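Hi,

Here is the structure I said I would pass on. Have a look at it first, and my notes on what turned up follow underneath.

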Amino acid sequence: EALGGAAIIHPYDDALVIAGQGTIGLELLADLPSLDAILVPVSGGGMLAGIASACLGTSTRVIAVEPAGKRLGRALELGVRDGGFGAGGA
């Protein structure tokens, strides 16, 4: 009720958002069916998940690239997600 009936939609951890992001992969594959690889910048992971899903069953590799300062490598190393390694960082 505090939102006046509005719904909160998570920006990357929502199946419909991920499906929407997947249309990027579908459009790339439609335009370039023999695409070798797609480099996807990773922040929350929704775009990566969507594009990777769109490329299932193809020979196109989907490669996550980490923008400076996002600490994806550290999060994967620790096995955490959603910034779960604290406000002070790790």
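Before the helix pair, one definition: an axis here is a line fitted to C-alpha atoms, for helices over the stretch in contact, and angles between N-to-C directions run from 0 to 180 degrees. Bear in mind too that this is a predicted model.

With that in hand, take helix H1 (residues 15-31) and helix H2 (residues 46-54): their axes cross at roughly 50 degrees and come within 7 Å. Angles from 35 to 65 degrees fall outside the parallel and perpendicular classes, so H1 and H2 are oblique to each other. The crossing of H1 past H2 is right-handed. On the H1 side, the residues that meet H2 are Ile18, Gln21, Gly22, Ile24, Gly25, Leu26 and Leu29. Their partners in H2 are Gly46, Met47, Ala49, Gly50, Ile51 and Ala54.

Stepping back to the whole protein, you'll find three helices and two strands, in the order α-β-α-β-α along the sequence. Of its 90 residues, 18% are buried. About 6200 Å² is exposed, with carbon and sulfur atoms supplying 58% of that. Among contacts with a separation of 6 or more, 52% are between residues 24 or more positions apart.

Now the inside. The largest nonpolar core consists of six residues, namely Leu29, Leu35, Ile38, Val40, Ile51 and Cys55. Ile51 is worth clicking on: beyond its neighbours within four places in sequence, Ile51 is in contact with Gln21, Gly22, Ile24, Gly25, Ile38, Val40 and Val62. Two of those partners, Ile38 and Val40, are also listed in that core.

What does Leu48, also in helix H2, touch? Setting aside residues up to four places away in sequence, Leu48 touches Val40, Val42, Val62 and Ala64. Its relative accessibility is 23%, so Leu48 counts as partly exposed; the cut-off for buried is under 20%. Leu48 and Ile18 are 30 residues apart in sequence, yet their C-alpha atoms are 8.3 Å apart.

Last one: Lys70, which sits in the loop between strand S2 (61-65) and helix H3 (72-78). Lys70 counts as partly exposed because its relative accessibility is 43%. Leaving out residues up to four places away in sequence, Lys70 touches Val42 and Ser43. From Lys70 to Gly44 the C-alpha distance is 9.2 Å, with their positions 26 residues apart in sequence.

Cheers

Key
Residues are numbered from 1 along each chain as its sequence is written. This is a predicted model: local features need pLDDT of at least 70, side-chain atom pairs count only at pLDDT 80 or more; totals for chains, interfaces and linings use all residues. Side-chain values use heavy atoms; hydrogens and water are left out. A nonpolar core is a set of buried Ala, Val, Leu, Ile, Met, Phe, Trp, Tyr and Cys residues joined through side-chain atoms within 4.5 Å. Buried means under 20% relative accessible area, exposed over 50%, partly exposed in between (1.4 Å probe, protein chains only). Contact means heavy atoms within 4.5 Å. Helices (H or I, at least four residues) and strands (E, at least two) are DSSP runs, numbered from the N terminus. Accessible areas come from the Shrake-Rupley method with a 1.4 Å probe; for residues, only the protein chains shown count as cover. Angles under 35 degrees count as roughly parallel, over 145 as roughly antiparallel, 65 to 115 as roughly perpendicular and the rest as oblique. A crossing is left-handed if the near helix is turned anticlockwise from the far one by less than a right angle, and right-handed if clockwise.
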